[in-house]
Amino acid sequence: MDPRQARGASLKNRDPKHGQSKVGSNPPQKDAYARLLSQHCSSRFTSYLEQCIKESLQRDGSGPGPGLKAQSERLNIPQRQRDPVFNDLSDSSDFSPSSMKSRAEESSLALYMEKLNSLSVQDDCERKPGVTDRQRRGQRRDTTTSHDGDIESGEELGALTPTNAKKHQKQQKKTRDSSREAADALGGDWTPANEQEQEKTKAKSKVPLRHAVDQQPRAVPASSPAEKSKNKGGRASKKQVFESYMTAEEVSHGLKRGELIQGQLRINPKKYQEAFIPSPDDTQDIFLEGIEARNRALNGDIVVVQILPREQWKVVKSDTDCEEAGESEIQTAEGKAGRPPGSEVDGAGRSDGQLVHRSQNLALTDSARKSGEDSVPQANGEALQRTAKVVYIVEKKHSRAVTGFLKFLPDKPFAKFSPVDHRVPRINVPLADCPDGFRFRPDDFASTLFICRITGWAADSAFADGRLAKTLGQAGEIEPETEGILTEYDVDFSEFSDEVLGCLPTALPWTIPAEEMASRRDLRTECIFTIDPSTARDLDDALSCRRLSDGNFEVGVHIADVSYFVEQGNALDALASRRATSVYLVQKVIPMLPRLLCEELCSLNPLVDRLTFSVVWTITPEGKILSEWFGRSVIRSCVKLSYDHAQSMIDAPEKLFSAEELPPVDPAHPIDEIHQAVLHLHAIAQQLRAQRFSGGALRLDQLKLSFSLDKETMMPQGCFVYQYRDSNKLVEEFMLLANIATAHHIRRHFPKLALLRRHPPPKAKMVDELQELCDQLGLQVDLSSSGALHKSLNSTLGDDEYSSARKEVLTHLCSRPMQMAQYFCTGVVDDEKLFRHYALNVPLYTHFTSPIRRYADVIVHRLLAASLNCGPHLQLSTAEVEKQASHCNDRKTVSKRVQELSSELFFGVFVKECGPLDSEAMVMGVLDQSFDVLVLRYGVQKRIYCKSIVGLDSFRHRKVGKKSELTLLWNPENLEKPREEQVISVFTLVDVQLKADGAPMKYSAELKRPEDSPAQN
């Protein structure tokens, strides 16, 4: 029997007299009180209820009279608790299992009264004048429930509502009944597998009832426009969930005085209650706990925060950021036990369906630590992390558009929208926005994916208000899911307007005007060709190489002259500046420019005349640059080579290629001439590459997943890890050379206006931690500079077949401390040392070589043309360049994330259609209840939760310094055999199986038993 039902039955059986209702003829409101009275035998509570009935006869409105208030205050019963007595009685989440067991014979009313007494202090504080907001709020609440009693997942998950108490009680009973394994002889506490709440239950059982109740989040009713009017005149006024924002003037003064801090909010996608902003002094990130601290700000927003008092700071048991700490390693500074909300690895915080692109290694850094890591040291070795709350939103970077599902709420004028991204709150949407038939047949739309836009979020509601924007289609289908991704990340994939298309040449086929041809260097007779992926359509760079009589080479990089077609200030330019970049999905491209430009007029297609910007060098065979020329030109590509074609030429230098082995070639240039040009470029590129790396450059290659698609359905037929070969390196070297040369040129001519790209070095604290981990792992890794790190990564990590896998894992670990490269205007950065590009180890760098797909390159082209006096007058200011640079940074980050999500989407479909998939995997990070692996066959990263491993008896976590280790104890398949032990640490080799999850497009990695796995390292 359910504990709540058993408790109610025992009460009825003990006192059958109270089963008779004495006020059956009274109005329905009195019946409610009478029913309460009939089931409780406490004289104190009886007195209170009698007073309630008496007062209800005296009042005209719905609010309580003064007598009732006085009586409730004498009983310490807050106004908020006077109505839902039965519901709160059934909320077993407020009582620890041990206290429930010890009080099995007590009246549930006695327990309830004890709960009320413990809560009354805080509620009395709320009613008293002169109490500060912080004192009134007390401990921050991170959880709320809707007024229909539905538990909200994601950010709001963590508290139980009355209607769901029975379900939670069953889970608690199941947890209590689960057997625990005794501590192993090795020492330490063993955690039984598949017991999600047992550790939490054990901790709660040691806490007095009053203390346990004090820590419970407060339930706050949801709000919507319809509900606000409905609640008017009710017995209880709506309580503020969020603080009011500061005024702009208050924020300005606070920032100037250093009392407030501005930064970009970053919400942990795995633990939705945790958010961070970077610290302005490059120390450890500032922590924001729960939705209330975020104050309606969403991921990516630029916010202003106020640091909370020191006693509310977080204690992290290691000196790493708490986003990196293990699932049970965080406490408050006051020493209260318990995990951060959403930290249970196989509870609310679990995210099996996502590809893990960033391992949460205890000893390493994540994106939450991009800003540094200096923590406040404690005497016991723990770290103290500052916490804060949002007081102002400077810029809403988040699109406020989300994909998700609709839930019908009976007797409500709105439906509940549940976003797929749990970092976004649930949203109330009007029923009028819902599709026809939704209110009568809601189950028909259970798997339908919608787009909803948040239109508002009141301070007295845990839920936002919004409007349905579009019905996407069935969840799990590629096109609806793709459109949802694009919409959420505010990628403009609409058709180009007539106004924009009107900026393009109308006379087609277009030819180069004679006056334009006369003003440019004519390179149409040169052997110039493109090397691109075989599926590429936007060909924006070409190469040429001609041997000179003195043995040197004339090498050219020729870039599509997009700025000729995109005039500054017109509608086309405005749209391109907003889009800022093309977005590359697995199955298609969302172009920055109309296809007429990016695939035709600007694309350096073979056998047609095209306008270009060229950089031509005279280079020795050893890669030494003797001379350099910049200018506008005209070229005619003789062939479109793919990377495969170029690679075949490099691999077979003596081979005579036939016309059938290559795409169509201009008859003016023999195939052998093209072949020799490729070989010369490859030889020079090798010299340039060697010089770069000997000079201190760094490259962190990470595995990239590619797909083969069905030409008709565009569904994935296969997938493979993309191979980065010599042909790729050839093109990369000359693009880098052109970008570096252009950066120096425009910086020289426009010292305060140049648009450059800088890459800050990693933070020293983070590098030190990584160095400590590598030392403990026995790895000879030198992190003192970019060049030293590159040499370390290219040293041999063993001589077996898994040495390359170890290098991939180490590369991934070393990429963590790295910061993102950023566009900037030279006029806003005073210190020229900050111009440097850490990874390339060059003083100046920019982007010049991809103007078809990057708007930053278009600005660079305009600067270059102005410096050469071969373009229109430059209409740019320092402020405008910096603003556009910042926007390009944002859109580049979005583009990268969308590309990753598209890859995840297709791989999820591939696993579903072709799985289960078996592969070897190497451990790349270990937490206290889970570990991350790199799946070697597919290059994807997944998290494996110990409590979800089938056949696992228990596990134990141990950490020494920065090295984290899990010991897994497997149940024997044969009872006569002993349990088998498996140690999991960085570089451990395991076998995994990828399986589709129940959720659309999601999959998980399952660890195989060790007897079926290869030997560990």
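**A short tour of strands, helices and two aspartates**

Hi everyone, let's start with a pair of strands: β33, covering residues 952–960, and β34 run antiparallel and are joined by 8 bridges. Before I go on, please keep in mind that this is a predicted model.

Staying with that pair, Val 960 of β33 has Lys 963 in β34 as its bridge partner. The two strands make a hairpin with 2 residues between them, and there Gly 961 takes a positive phi near 65°.

Now, what about β34 itself, is it mostly covered or not? Strand β34 spans residues 963–970, and 7 of its 8 residues are buried, so it counts as mostly covered. β34 also pairs with β35, residues 980–984, in the antiparallel sense, over 5 bridges. In that pairing, Leu 969 stands opposite Glu 981 of β35. As a general reminder, strands of a sheet pair through backbone hydrogen bonds, either parallel or antiparallel.

Let's move to another sheet. Here 3 strands form an open sheet with antiparallel pairing, in the order β3-β4-β5. The edges are β3 (266–267) and β5 (286–289); each has a single partner strand, so one side of each is left without a neighbour in the sheet. Strand β4, residues 274–277, is joined to β5 by 4 bridges, and these two run antiparallel. If you would like a pair to look for on your screen, Phe 276 stands opposite Phe 287 in β5.

Next, the helices. How do α21 and α23 pack? Helix α21, residues 643–651, meets helix α23, residues 726–749, at an angle of about 105°, and their axes are 8 Å apart. Angles from 65 to 115 degrees count as roughly perpendicular, and therefore α21 and α23 are roughly perpendicular to each other. On the α21 side, the contact is made by Tyr 643, Ala 646, Gln 647 and Ile 650, while α23 brings Asp 726, Ser 727, Asn 728, Leu 730 and Val 731. Sorted by character, the residues of this contact are 5 nonpolar, 3 polar and 1 charged.

Two of those residues will come up again, because I'd like to turn to a pair of aspartates. The UniProt record, an unreviewed entry, places the feature "binding site" at Asp 532 and Asp 541. Asp 532 is in strand β18, residues 528–532, and Asp 541 is in strand β19, residues 541–547.

Are these two buried or exposed? Buried means under 20% relative accessible area. Asp 532 has 8% relative accessibility, so it counts as buried. Asp 541 has 9%, so it is buried too.

And what do they touch, leaving aside residues up to four places away in sequence? Asp 532 touches Leu 539, Asp 541, Leu 641, Ser 642 and Tyr 643. Tyr 643 is also one of the α21 residues in the helix contact we just saw. Asp 541 has its own set of contacts, among them Thr 530, Ile 531, Asp 532, His 558, Met 735 and Thr 849. Val 731 is in contact with Asp 541 as well, and Val 731 belongs to the α23 side of that helix contact.

One last stop: Ala 462. Where is Ala 462 found? Ala 462 is in the loop between β15 (448–456) and β16 (464–474). With 0% relative accessibility, Ala 462 counts as buried. Ala 462 and Ile 427 are 35 residues apart in sequence, and their C-alpha atoms are 9.2 Å apart in space.

That's my tour, thanks for listening!

How values were computed: Residues numbered from 1 in each chain as written. Predicted model: local features only at pLDDT ≥ 70, side-chain atom pairs only at ≥ 80, totals over all residues. Heavy atoms only, no water. UniProt positions renumbered as here; feature names shortened; annotations may be inferred. Buried < 20%, exposed > 50% of the residue type's maximum accessible area, 1.4 Å probe, protein only. Contact = heavy atoms within 4.5 Å. Pairing = 2+ DSSP bridges. Axes fitted to C-alpha atoms, helices over the stretch in contact; angles between N-to-C directions. Parallel < 35°, antiparallel > 145°, perpendicular 65-115°, else oblique. Nonpolar A, V, L, I, M, F, W, Y, C, P; charged D, E, K, R; others polar.
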